[in-house]
Amino acid sequence: MRWSNAFIPTLRDDPADAEAVSHRLLVRGGFIRQLMSGSYSLLPLGMRVATKVSTIIREEMDRIGGQEFSLPVVHPGEVWKKTGRWDDVEGILVKFKDRKGADLLLAMTHEEVFTLLATELHSYKELPQTWYHLQTKFRDEPRPKAGLLRVREFVMKDSYSFDIDAAGLDVQFENHRGAYLAIFRRLGLDAIPVHASSGVMGGTESVEFVVASPAGEDDVARCPNGDYAANVERAVSEVVPEVDEPWEGRPERVATPGIRTIAALAEAHDFATPQRQIKTLVYVVDGEPTLILLRGDHELMEQKLVDGLGTQHVRPAHADEIREALGADPGSLGAVGVTALPIIADPALDGRSNMTTGANEDDWHLRGVDVARDVAVGRWLDLRRVRAGEPCPVCGAPLVVERAIEVGHIFKLETTYSRKLGATVLDAEGEEVPLQMGSYGIGVGRNVAAVVEVHHDDKGISWPVAVAPYEVVITTLKVDDHATMAAAEGLYERMRAAGLDVLLDDRDERPGVKFNDAELIGIPYRVTVGPRGLADGVVELTVRATGETTTVARDDAASELASLVGSAR
Ligand SMILES: [Zn+2]
């Protein structure tokens, strides 16, 4: 491609609304343009990168036996009603009606329709099957932001595996784990697999692949020894045991006028350090007010509540609901003597005594509370948000908690969808059994953005060769010099013939402008052609990632670049 004919609308300034590096550089470099919130057009450079990312994904999916499909984006509501996902509590499904009044939706994922197709499988002899497609999805995200990192419309590769039994599903899950690691390696992403919450997908085990980055939206707890990594949505750590001081007899009322927080109570009374308080929260679970208890210094991880209870219908209670349930306002709540409401407690409270908690009367607390004796805990559930520095559950080393971008997610769905949609086959004994399913996703645009988050500097993007929109840019220093242009054209033709993706910067611009643009859009290799070098029979070769410049004999340049690019692809 000749730059003079290309549509590469680079901008001098950063877009005003962009915080994430990838958002800023992809807009400035002319890769993407926003149409509306969470919705982007890919311009030619962006499309070239996305195509290369998609090709890598396809190659690795095909390597594990994947077969490519293409399923519709608009689905009948009926099939989503059968799996219970039509009543979408997150409100991210876009639903509408057709001219006949039938319910339709814009698909945000394709479990339902792939499972429907799998009802055409009849025998264990046809298994395993691995099906995938790359398709547009739409999720009406409440807070789209950060360019391609968090969008409403996006292209995702989603694959689905179908097996006769759990052992088969395990194999497919491991195959996908391997394929995903291979994909991220080829994209230049140092992705690590972490235990994750399955959230709205259902099923049991799920593994997320994350890339550490301040632009991420997930927090990951990781052991520096490499033996444990999990999204904080489900991460666990060891609790350092507290030694409770003795307390004789029943709990005692303590006047605590105006005290409404754990910190204020700890400040006012030596016996009430945060570790020795019970934090009482009120949630509404499936319409029922429920008490949630944690140690005073611990924070609730709401996703653990959702996952542990197996319902999406979980929300903090409103002020009036709390007063009606307990007769006091937040800051004076407690579970001592409460029998009318379900009580769920975090195990860090198990066996604790001489604790302090609210008395369910404004301005009063209770001290000397023995959890086993005084609180009717109905269920123990790990609910605590893991903090940096807490001991690794495997080896005890202090955990690191860091921001990360989720670049892929794989789920064991087991029979959740096949049962609901009647996708069964006959096993070797002639018994009809539901298919064991897995579901596996990688967002194309999210990964494009993640690559930029990792591969950039203050001059712009620095694409890994494997996904660069062009591998080489030939920059001409003097477009009105016939010899320069003839030499550049000659190199351009030879490199194209060698199979390189080459951009010829033949624009009538100052060299400084051309260099800046080439650096901004991140082409891995720049060959600079000018009259002075040509007089000595050489051109300059600059490596984008290192900034290193060397001279190369003009006649060797094409073969040298072909070998450099070939080994880096
Ligand atoms: Zn460890």
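Two strands are taken to pair if DSSP finds at least two bridges between them. Helices (H or I, at least four residues) and strands (E, at least two) are themselves DSSP runs, numbered from the N terminus. With these terms in hand, a sheet of the predicted model shown above can be introduced: an open sheet of 5 strands, in the order β16-β14-β15-β17-β20, with mixed pairing. Its edge strands are β16 and β20 (379–380), each of which pairs on one side only. As general background, strands of a sheet pair through backbone hydrogen bonds, either parallel or antiparallel.

A word on conventions may help. Residues are numbered from 1 along each chain as its sequence is written. Because this is a predicted model, local features need pLDDT of at least 70 and side-chain atom pairs count only at pLDDT 80 or more, while totals for chains, interfaces and linings use all residues.

The chain as a whole comes next. It has 15 helices and 31 strands, and its C-alpha atoms fill a box of roughly 100 × 65 × 50 Å, taken along the principal axes. A residue is called buried if 20 or more other C-beta atoms lie within 10 Å of its own, exposed if 12 or fewer, and partly exposed in between, with C-beta atoms placed from the backbone. Of the 569 residues of the chain, 43% count as buried. Two residues are in contact if their C-beta atoms, placed from the backbone, lie within 7 Å. Among contacts in the chain with a separation of 6 or more, 72% come from residues 24 or more positions apart.

The domain assignment, whose bounds come from an automatic or database source, gives domain 1 (3–72 + 107–235 + 401–453), domain 2 (252–380) and domain 3 (470–568). Between domain 1 and domain 3, the C-alpha centres lie 36 Å apart. Their contact takes 8 residues from domain 1 and 8 residues from domain 3. The side of domain 1 that touches domain 3 has 3 nonpolar, 4 polar and 1 charged residues; here Ala, Val, Leu, Ile, Met, Phe, Trp, Tyr, Cys and Pro count as nonpolar, Asp, Glu, Lys and Arg as charged, and the others, Gly among them, as polar.

Returning to the open sheet, strand β14 (residues 278–285) and strand β15 (residues 288–295) run antiparallel and are joined by 8 bridges. Within this pair, Lys279 has Leu294 of β15 as its bridge partner, and Tyr283 is matched with Thr290. The hairpin of β14 and β15 has 2 residues between the strands, and in it Asp286 takes a positive phi near 50°. Strand β14 is also joined to strand β16 (residues 314–316) by 3 bridges, again antiparallel, with Val285 opposite Val314 in β16. Two helices lie across these strands. Helix α7 (residues 302–309) lies across β14, β15 and β16, at about 145° to β16, and helix α8 (residues 319–326) lies across β14 and β15, at about 110° to β14. For these angles, axes are lines fitted to C-alpha atoms, for helices over the stretch in contact, and angles run from 0 to 180 degrees between N-to-C directions.

The nonpolar interior offers another view. A nonpolar core is a set of buried Ala, Val, Leu, Ile, Met, Phe, Trp, Tyr and Cys residues joined through C-beta atoms within 7 Å. The largest one has 138 residues, of which Val407, Val472, Ile474 and Leu491 touch the most other members. Leaving out residues up to four places away in sequence, Ile474 touches Ala488, Leu491, Tyr492, Val502, Leu504, Asp505, Val527 and Val529.

Helix α4 (residues 111–118) is largely enclosed by the rest of the structure, because 6 of its 8 residues are buried. The buried ones are Glu111, Glu112, Val113, Phe114, Thr115 and Ala118. In the loop between α4 and β7 (129–138) lies Pro128, and the peptide bond from Leu127 to Pro128 is cis, with omega near 0°.

Some local backbone features complete the picture. Asp363, in the loop between β18 (355–358) and β19 (364–369), has a positive phi near 75° and is partly exposed, with 16 C-beta neighbours inside 10 Å. Glu414, in strand β21 (residues 400–414), has a positive phi of about 55° and is buried, with 20 other C-beta atoms within 10 Å. Pro524, in the loop between α13 (511–521) and β29 (525–529), is buried, with 23 C-beta neighbours inside 10 Å.
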